[in-house]
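Me: I should like to examine the reasoning behind several terms applied to this structure. Please set each value against its criterion.

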Amino acid sequence: MSIDVYVPRDASALSLGAEGVARAIEEEARAQRSQVRLIRNGSRGLYWLEPMVEVALPHGRWAYGPVKREDVASLFAADFLQGGAHPLSQGPTEEIPYLKSQQRLTSARVGVIEPTSIADYVAHGGYLGLKRALAMTPAEIVQAVLDSGLRGRGGAAFPTGIKWKTVLDQPPAQKYVTCNADEGDSGTFSDRMLMEGDPLALIEGMTIAGIAVGATQGYIYLRVEYPHAYAALNEALNAARQANYLGRDIMGSGRQFELEVRLGAGAYICGEETSMLESLEGKRGEIRVRPPLPAIKGLFGQPTVVNNVVTLASIPIILARGAAYYRDFGTGKSRGTLPLQLAGNVRRGGLVERAFGLSLRELLYDYGGGSASGRPIRAVQVGGPLGAYIPASQFDVAIDYEALTGIGALLGHGGVVVFDDTVDMAHMARYAMEFCAIESCGKCTPCRIGSTRGVEVIDRIIEGVERERNLVLLEDLCETMLQGSLCGLGGMTPFPVQSILKHFREDFHARTRH
Amino acid sequence: MSRQSLSDAQRESVLQVIAKHKSRPGPLIEILHGVQASLGFVPPGAVPVIAEGLNLSRAEVHGVVTFYHFFRDHPVGRHVVRLCQAESCQAMGASALAAHAKRRLGIDFHETSADGAFTLEPVYCLGNCACSPALMIDGDLLGRVTPQDFDDMVTAGQAHP
Ligand SMILES: Cc1cc2nc3c(=O)[nH]c(=O)nc-3n(C[C@H](O)[C@H](O)[C@H](O)COP(=O)(O)O)c2cc1C
Ligand code: SF4
Ligand code: FES
């Protein structure tokens with residue numbers, strides 16, 4: 001009998017040497033004549049323990065980490081294949097507190113299964129949602145999604161069921177389902193983890209969407225910075241096609257759905273949905289004026305669903321377990337769970353999927369364990385480069401859409417970036433403007449020119465040149481960008497800047513002019 | 001050879017890429033990816049060839065090439081290093097790492113080292129934010145990169161063309 005050993009193929013795990021660990025385990029097993037079956041799973045998202053190696057013991061999986069290539073010989077010497085004691089032993093994986101206290105619905109299989117194996121996927125509840133959906137009318141599927149309370153996880157938090165209903169209500173035509181896998185926000189990686197660790201969940205979610213709205217073709221718009229996800233998705237698509245979960249006769253139902261991955265080309269703005277559609281059509285990613293909504297006139301002018309990876313990957317469980325099951329997690333108008341991503345200067349960075357309502361403080365300290373540097377946490381940026389910086393005095397805020405809006409922040413795609421007290425917040429404000437200038441699609445003046453002016457004004461403030469006058473100018477500039485921008489890039493870049501002006505103003509006064 | 005003209009081999013690859021993708025919906029970006037993958041960049045001379053193949057104007061094709069940061073119209077070094085400069089990596093010393101990298105290679109961002117081994121590019125998030133600072137060399141991702149790691153990577157990259 002061979003023993004199953006798991007070494008992640010997740011990009012972050014690979015970035016820390018997982019490939020070398022996998023090779024070393026194979027070599028050592030061969031040398032010792034141990035029967036080992038190496039499985040390349042996704043990551044559990046406990047990144048301070050990556051590369052994390054798991055051994056399947058009769059009573060469950062046992063974790064070792066962080067494992068370096070050089071540790072492999074000693075792991076064998078300690079008989080890790082039987083769960084032997086070793087300094088890197090973390091005990092039973094599911095008992096690690098960081099993981100045990102989570103509520104993993106959308107990411108339940110990530111890190112657990114072999115990502116592109118249909119058999120493993122089905123053995124862990126996969127394709128149950130699609131099976132249910134095939135026995136329902138399109139209107140019933142859309143109703144289930146509405147009832148679940150699911151809101152878009154890409155940032156704008158729009159109710160997914162309403163979007164689907166709009167597409168369903170359009171007269172029969174070539175309709176499309178598109179997945180926004182552009183994941184451009186700093187501090188976010190949940191889309192990536194899902195696509196690498198459980199790509200079939202996304203594929204199943206998109207297939208259900210297609211059946212619900214009457215679309216036969218889907219596209220995944222994937223950022224070019226994610227080559228590992230590209231490979232995993234294409235392997236999974238092939239597996240799904242071969243097993244008739246995609247194609248002309250899905251699960252023998254006579255229903256049809258095809259899916260393909262398209263690569264972006266390094267433009268942050270292409271994460272905005274209309275820019276993404278332009279890019280999918282092979283054009284410059286310039287923002288489209290709304291209306292018409294993409295649901296009415298989207299890809300190639302046809303009715304189109306646009307949803308984020310996490311949104312779509314949450315659909316299978318909603319159909320499989322029922323809308324009420326999903327809706328019963330969460331609080332207020334934020335229903336279900338959100339895979340939060342803990343990043344930056346934090347001791348235990350990773351994926352934390354919890355029902356809405358967890359406090360930011362619990363996330364930062366109970367999960368994160370404080371800063372990586374050991375210094376006090378001074379600021380946290382939530383929701384990517386367009387999100388506000390939150391000061392320590394507000395860490396008790398609950399993580400849900402309304403509570404964060406209430407303190408002038410936003411949740412976005414759920415990325416949380418931690419900074420310790422060595423951060424220069426004036427510099428971060430400058431960076432926000434600089435990023436907008438680099439990534440602007442160029443269509444409106446307040447965004448294109450305003451952001452460049454913003455960098456210059458902040459430089460003058462930092463230098464101490466007419467500081468008070470320039471601070472007023474910066475505030476006016478933020479107002480102009482807020483009011484006069486066509487989309488969220490120009491229209492939200494002021495959020496981080498204003499939050500710094502409000503909570504960290506002293507950093508603009510740090511240097512005096514010589 | 002003038003800047004505008006393609007060698008016969010280059011023209012042949014461009015035509016092959018066009019033929020492969022032409023019938024797909026919205027094929028231009030796929031074609032540019034194909035050209036850059038086979039030639040290392042999108043030569044200005046490829047623009048009219050692609051425009052003709054897809055029945056677009058040169059201005060349209062040129063407009064797309066220049067819109068996207070990933071496409072480049074000039075050759076690069078044997079290895080392309082993309083250093084993440086976004087917030088999470090900044091929180092873990094990405095600016096200092098960038099300064100070190102520039103010093104070590106003797107170049108600024110968007111430049112190629114004198115020996116032709118490395119081109120240095122900034123990038124804004126690689127999805128490796130729980131392991132910041134991050135960089136990508138060609139298709140390989142690295143996390144928690146120290147200046148020493150960077151130097152080791154440079155030494156290895158110079159040895160292996
Ligand atoms: C500048 C900008 C960038 C965006 N980037 C992304 C992105 O990378 N991924 C994403 O899913 N949504 C992104 N969005 C939100 C999309 O426009 C859109 O709301 C979302 O894809 C809809 O899917 P959802 O309802 O499932 O969230 C971005 C929005 C703006 C304004
Ligand atoms: S706000 Fe900026 S990115 Fe958005 S449409 Fe205007 S110029 Fe383009
Ligand atoms: S911010 Fe550098 S990898 Fe995400």
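Reply: Let us begin with residue classes: Ala, Val, Leu, Ile, Met, Phe, Trp, Tyr, Cys and Pro count as nonpolar, Asp, Glu, Lys and Arg as charged, and the others, Gly among them, as polar. By that scheme, the shell around ligand 1 holds four nonpolar, 10 polar and six charged residues. Please note that this is a predicted model.

Me: Which residues come nearest to ligand 1?

Reply: There are 20 residues around ligand 1, and those that come nearest are Gly154(A), Asn180(A), Asn307(A), Asn308(A) and Thr311(A).

Me: Why is the approach of Gly154(A) to ligand 1 called a polar contact?

Reply: The term requires a pair of N or O atoms within 3.5 Å. A backbone N or O atom of Gly154(A) lies 2.7 Å from an oxygen atom of ligand 1, so the pair satisfies the criterion. Backbone N or O atoms of two further residues also face oxygen atoms of ligand 1: that of Arg153(A) lies at 3.3 Å, and that of Glu183(A) at 3.2 Å. Both pairs therefore qualify under the 3.5 Å limit. As for cover, ligand 1 taken alone exposes 610 Å², of which the protein buries 91%.

Me: Which element gives the most to the shell around ligand 1?

Reply: That element is β9(A), with three residues. Both β9 (304–308) and α21 (488–492) of chain A supply at least two residues each.

Me: What makes strand β12 of chain A mostly covered?

Reply: A residue is buried when its relative accessible area is under 20%. In β12(A), residues 337–344, eight of the eight residues are buried; the strand is therefore described as mostly covered.

Me: How do you know that β12(A) and β13(A) pair, and in which sense?

Reply: Pairing requires at least two bridges found by DSSP. Strand β13(A), residues 350–355, shares six bridges with β12(A), so the two strands pair, in the antiparallel sense. Within this pairing, Leu338(A) stands opposite Arg354(A). The two strands are joined by a hairpin through five residues.

Me: What makes β16(A) a partner of β12(A)?

Reply: The criterion of at least two bridges applies again. Four bridges link β12(A) to β16(A), residues 415–420; the strands therefore count as paired, here in the parallel sense. Ala343(A) stands opposite Val417(A) of β16(A).

Me: What confidence does the predictor give the complex?

Reply: The complex receives an ipTM of 0.97 and a pTM of 0.98. Chain B averages a pLDDT of 95, and 97% of the residues score at least 70.

Note on methods
Residues are numbered from 1 along each chain as its sequence is written. Chains are lettered from A and ligands numbered from 1 in the order in which they are written. This is a predicted model: local features need pLDDT of at least 70, side-chain atom pairs count only at pLDDT 80 or more; totals for chains, interfaces and linings use all residues. Side-chain values use heavy atoms; hydrogens and water are left out. A residue is near a molecule or strand if one of its heavy atoms lies within 4 Å of it. A polar contact is a pair of N or O atoms within 3.5 Å; within protein, one must be able to donate a hydrogen and the other to accept it, and residues adjacent in sequence count only if both atoms are side-chain atoms. Accessible areas come from the Shrake-Rupley method with a 1.4 Å probe; for residues, only the protein chains shown count as cover. Buried means under 20% relative accessible area, exposed over 50%, partly exposed in between (1.4 Å probe, protein chains only). pLDDT is the predictor's confidence in each residue, from 0 to 100.
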